[in-house]
Amino acid sequence: MTSTTGGRTAATTVNGVGTSPARPDGTRKVRGEFAYSSDLWHEDMLWGATLRSPYPHARVTGVDIAAAVAVPGVYAVLTHDDVPGLNRYGLEHPDQPVLADDVVRYRGEPVAVVAADHPETAQRAVKLIDVTYDVLDPVTDAEEAVRGDVAAVHPGGNVVRHAAIRRGEQASQADVVVTGRYEVGMQDQAFLGPESGLAVPDGSGGVDLYVATQWLHVDQQQIVAALGVSPEQVRLTLAGVGGAFGGREDLSMQIHASLLALYTGNPVKMVYNREESFYGHVHRHPATMYYEHGATRDGRLVYVTARIYLDGGAYASSTGAVVGNAATLGVGPYDVPNVRIDCWGTYTNNPPCGAMRGFGAVQAAFGYESQMDKLAAACGLSPTEVRRRNAMCEGTVMPTGQTVDSAAPVAELLDRLDAMPLPSGPSRDAGVADLRSLPGGVSNTTHGEGVVRGVGYAVGIKNICFSEGFDDYSTARVRLAAVGGEPAVTVQTAAAEVGQGLVTILQQIVRTELGVDQVTILPAGTSIGSAGSTSASRQSYMTGGAVRAAALKVRGALLSHAATTLSRTAAELHLDGGKLASAADGVLADLVDVLGEAEFDETVEWRHRPTEALDPETGQGNAHVQYGFAAHRAVVDVDVELGLVKVVSLDCVQDVGKALNPQAVVGQIQGGSAQGLGLALMEEIRTDGGVIRNPSFTDYLIPTVLDMPPMNIEVLELADPHAPYGLRGVGEPPTISSTPAIVAAIRAATGKELLRVPVRPDHLI
Amino acid sequence: MEFVRPDSLQEALATKAERPGAVPIAGGTDVMVELNYDHRRPEALLDLTRIAELATWSASGGYVRLGAGVPYTRLIDELGDTLPGLAMASRTVGSPQIRNRGTVGGNLGAASPAGDTHPVLLAVGAEIELASARGVRRIPATDFYTGVKRSVLEPDELITAVLLPVAGTAAEQFSKIGTRNAMVIAVCSLGLVLRDGRAGVAIGSAAPTPRRVSGAEEFLAAELPWDDDAPLPDSLKRRFAELVAAATEPIDDVRGTADYRTHALGVLARRTLTWAWDDYRGSVRACA
Ligand SMILES: Cc1cc2nc3c(=O)[nH]c(=O)nc-3n(C[C@H](O)[C@H](O)[C@H](O)COP(=O)(O)OP(=O)(O)OC[C@H]3O[C@@H](n4cnc5c(N)ncnc54)[C@H](O)[C@@H]3O)c2cc1C
């Protein structure tokens with residue numbers, strides 16, 4: 001990594017902000033000793049299993065559980081009749097049954113749950129439940145669903161949300177006009193740790209749930225409603241999370257395991273297998289997008305018109321927010337005077353879709369970046385030049401009317417990409433090249449024959465944190481005391497560590513603010529207030545911000561206390577390396593001595609600056625907190641006779657405001673770029689009439705080390721004055737521009753239009 | 001489910017005779033997937049990993065007798081030069097972990113049309129050795145596969161070995177299409193051998209069974225300029241590619257379309273023939 005630091009060069013604390021200390025859970029994870037949610041165990045534990053609908057759309061006419069109940073070892077077989085509270089849940093709308101009642105709306109919808117003393121027994125009992133269905137025609141086309149040409153999947157019709165953005169002239173004309181219809185397939189988060197958790201009844205009607213999730217408090221709310229109990233009776237603790245990427249924002253086994261635990265009085269564990277996991281979580285919304293870009297002859301955008309259809313599948317999940325993002329970010333990181341965007345999120349009988357890294361922005365970026373390349377060709381400009389001419393910057397007014405009020409270095413990202421060296425050309429000498437460097441890899445499909453190189457560029461934009469007027473906050477408790485002769489801090493939040501490294505960052509923040517080396521992050525749980533979701537690239541900003549604020553309060557209190565003890569004023573004191581010091585006299589005392597028996601304990605609820613809802617007619621409003629930007633340059637070798645692709649390099653420049661942990665930043669950029677590569681080339685849940693055809697890692701392919709090239713990464717640190725430490729959320733932007741850059745490179749190599757991702761070999765020949 | 005662990009082949013065959021429902025398990029890389037997903041629930045598993053003779057190979061009289069239980073990793077390390085075609089196919093199987101466990105015997109036992117070793121076994125003219133308490137029989141690979149995931153293996157039989165000619169001056173190629181660059185099930189594949197004026201050609205994942213393409217073999221035997229050093233004319237490569245493509249009987253599935261499979265096999269036919277011919281001319285010259 002080349003790190004380019006803009007601005008301040010404050011002295012860094014050892015293992016504080018701006019350094020890359022080891023993860024607290026790193027060694028255990030590498031050694032295979034880390035306990036994931038699927039490793040949970042409890043004495044007298046039962047195993048839960050789920051019966052799922054085999055049909056994407058059907059009326060349930062009868063459920064006979066007698067044979068299942070009769071199996072020795074079975075403790076419970078529950079259906080919707082056994083849901084004591086509201087038989088509905090959902091992130092934005094409670095539209096999804098805990099267990100199907102009258103209608104099933106997707107293949108894989110839970111119909112009944114079983115608890116038994118052995119997982120095999122539970123599975124066997126599931127097979128003995130006799131459900132009779134009246135099969136209905138599935139609604140599978142999002143555009144038809146919007147037009148109302150098909151049956152309503154839910155009583156209110158099939159449109160979950162329509163967002164309209166209207167800015168400037170609505171009937172613009174331009175010298176150069178390019179149009180296109182683009183499609184994005186259904187990507188999966190493909191986290192490796194399947195949905196799993198353990199519900200332990202407390203003997204008085206409540207339950208303790210240990211679960212891998214992204215947002216403990218929103219899980220809690222939905223569980224409480226379904227169980228019909230009070231919030232204090234459902235306590236959640238985060239179990240080890242094996243990846244999330246949005247797929248754990250919705251509930252999976254949480255209510256089911258809790259129901260079974262309360263019913264049987266035993267702890268109940270549930271673990272999905274890989275196939276069930278594909279039915280057990282939401283996916284990325286597939287999209288169909290119609291774009292029209294008008295520009296002057298020299299490539300300056302005059303207007304953009306777009307219609308975007310996002311297929312939300314059977315239940316709403318976070319479709320509303322996905323629509324908001326796709327609409328507000330629908331023209332990309334460009335300054336466009338006249339914009340008309342309509343974006344719909346729909347109900348169909350396809351698998352439910354919801355949160356996945358970069359949602360809404362990922363789909364739109366494939367559309368608008370494909371269009372920018374078309375425009376470049378139409379105007380005779382290079383792909384980077386057309387983008388530079390339209391690049392937004394600080395001060396640009398978004399299509400929502402919002403003025404961008406911190407760094408938006410789009411042109412600089414492109415300049416830096418252009419300045420990076422290109423990899424050397426493809427080897428055409430038969431037999432010389434290492435097969436692993438060629439399309440097809442060790443499968444020995446080419447020794448250089450048919451291989452053509454292409455280069456492509458893309459830039460993306462993402463809103464960071466929650467938008468559109470949402471009351472977005474995080475809660476943190478920071479406690480400082482002397483423990484065993486050392487100053488020690490414990491940090492408590494409900495923020496989900498899902499692998500991204502928040503636990504490391506929180507330690508770093510405390511070290512920087514309190515000068516204390518020993519920082520322990522307590523397990524996340526609902527015993528403290530909400531931290532919000534681990535999504536929208538927001539936890540460093542939000543829970544980082546909350547921990548920092550709590551640490552500052554602790555510092556304030558400590559310095560007042562020390563001022564009295566040391567007969568100084570608090571203002572002249574500071575903390576550094578476990579000592580109290582003043583600028584004038586240097587070290588005055590060891591922190592541990594000043595602390596004595598005292599304890600400083602502060603809890604803070606921290607918010608980012610408020611945002612506004614979008615005007616429902618015009619889509620105007622200051623909807624977003626912060627914008628993040630990344631740009632990629634992809635170099636690919638395509639075997640044009642076989643349609644196989646080798647990505648040779650995938651270089652990235654991203655502005656992160658401040659790299660709190662530079663190594664973690666690079667990790668996010670590599671991982672996000674790989675996920676974007678997956679969407680470009682292979683990752684798609686294929687459905688047929690609403691039925692998933694490839695619910696396995698044999699046929700849902702994710703990139704391997706031979707698919708993902710080493711990356712050159714440049715990280716810019718252009719501080720955002722509104723954000724803690726100036727940071728800008730990192731996790732999502734690299735996923736957004738990676739996909740269109742790779743597709744652009746393949747277009748350059750093949751001359752094919754490529755209007756759909758993932759690009760498959762048969763699209764290229 | 002019972003787990004039977006015989007120490008000798010004799011014991012294993014006796015068990016199989018008594019309990020034909022016992023499912024053999026070698027590397028387990030197919031069997032365990034089926035068990036985990038409850039696609040199969042056998043009364044017993046017959047563990048073959050303690051039978052030493054299944055995990056050995058020997059070479060004599062121009063042939064390698066490869067025990068059914070030799071894992072891919074060892075095959076690649078120990079027989080890479082002797083059986084280059086089979087080693088090429090083995091390198092494309094799964095990931096290092098799968099190659100450490102998986103075996104040719106298991107690939108044959110599973111008899112998937114997409115199994116990577118099959119086109120090579122067919123193209124080199126391998127024989128499969130099957131044993132039961134009733135005796136031992138050897139059958140040509142061509143006669144082994146009878147349908148999708150079906151073979152001539154009788155319920156009381158085990159696959160004990162595969163007999164393959166040492167490559168020597170023969171040129172062997174294996175080529176496989178997948179939609180990512182490693183660890184992928186074949187969309188289609190092709191094995192090609194040129195030896196002493198004869199050719200072996202076979203395709204995988206392009207018909208209900210792995211399939212030898214006799215028409216293309218005969219064409220090459222007749223038309224290749226065996227005694228000439230000149231590069232191959234394009235017309236010959238094209239005709240060969242057409243014959244291979246014509247022998248396919250593929251389906252559309254989630255891994256690829258039928259048309260793509262047929263097209264890709266034509267391309268692979270042309271390319272592998274070019275490489276094999278270069279190798280063949282090279283090794284024949286070296287020996288001359
Ligand atoms: C992640 C993964 C990736 C894979 N990738 C590939 C790939 O790229 N290409 C490919 O071809 N395959 C692939 N496979 C499938 C599998 O690895 C191969 O088919 C392998 O050769 C099986 O060998 P095994 O020893 O593990 O067989 P096992 O699983 O032990 O057995 C497979 C079958 O053969 C039978 N059997 C085994 N040994 C004998 C014997 N001696 N006599 C009679 N019957 C026997 C078993 O009863 C069973 O029906 C993959 C599997 C996995 C899990």
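By class, the shell around the ligand holds 17 nonpolar, 12 polar and 5 charged residues; Ala, Val, Leu, Ile, Met, Phe, Trp, Tyr, Cys and Pro count as nonpolar, Asp, Glu, Lys and Arg as charged, and the others, Gly among them, as polar. The model is predicted, and local features need pLDDT of at least 70, side-chain atom pairs pLDDT 80 or more, while totals for chains, interfaces and linings use all residues. Residues are numbered from 1 along each chain as its sequence is written, chains are lettered from A and ligands numbered from 1 in the order in which they are written, and side-chain values use heavy atoms, without hydrogens and water.

In total, 34 residues surround the ligand, and B:Pro24, B:Thr29, B:Tyr72, B:Thr103 and B:Asp116 are the closest (a heavy atom within 4 Å). Helix H6 of chain B contributes the most to this shell, with 5 residues (helices are DSSP runs of H or I with at least four residues, strands runs of E with at least two, numbered from the N terminus). At least three shell residues come from each of domain 1 (55-165) and domain 2 (171-280) of chain B, with bounds from an automatic or database domain assignment.

Polar contacts of the ligand (pairs of N or O atoms within 3.5 Å) are tabulated below.

| Ligand atom | Partner | Distance |
|---|---|---|
| oxygen | B:Gly28, polar backbone atom | 2.8 Å |
| oxygen | B:Tyr72, side-chain N or O atom | 2.6 Å |
| oxygen | B:Thr92, polar backbone atom | 3.5 Å |

Of the 970 Å² of accessible area that the ligand has on its own, the protein covers 89% (Shrake-Rupley method, 1.4 Å probe).

How values were computed:
Polar contact = N/O pair within 3.5 Å; in protein donor to acceptor, adjacent residues only side chain to side chain.
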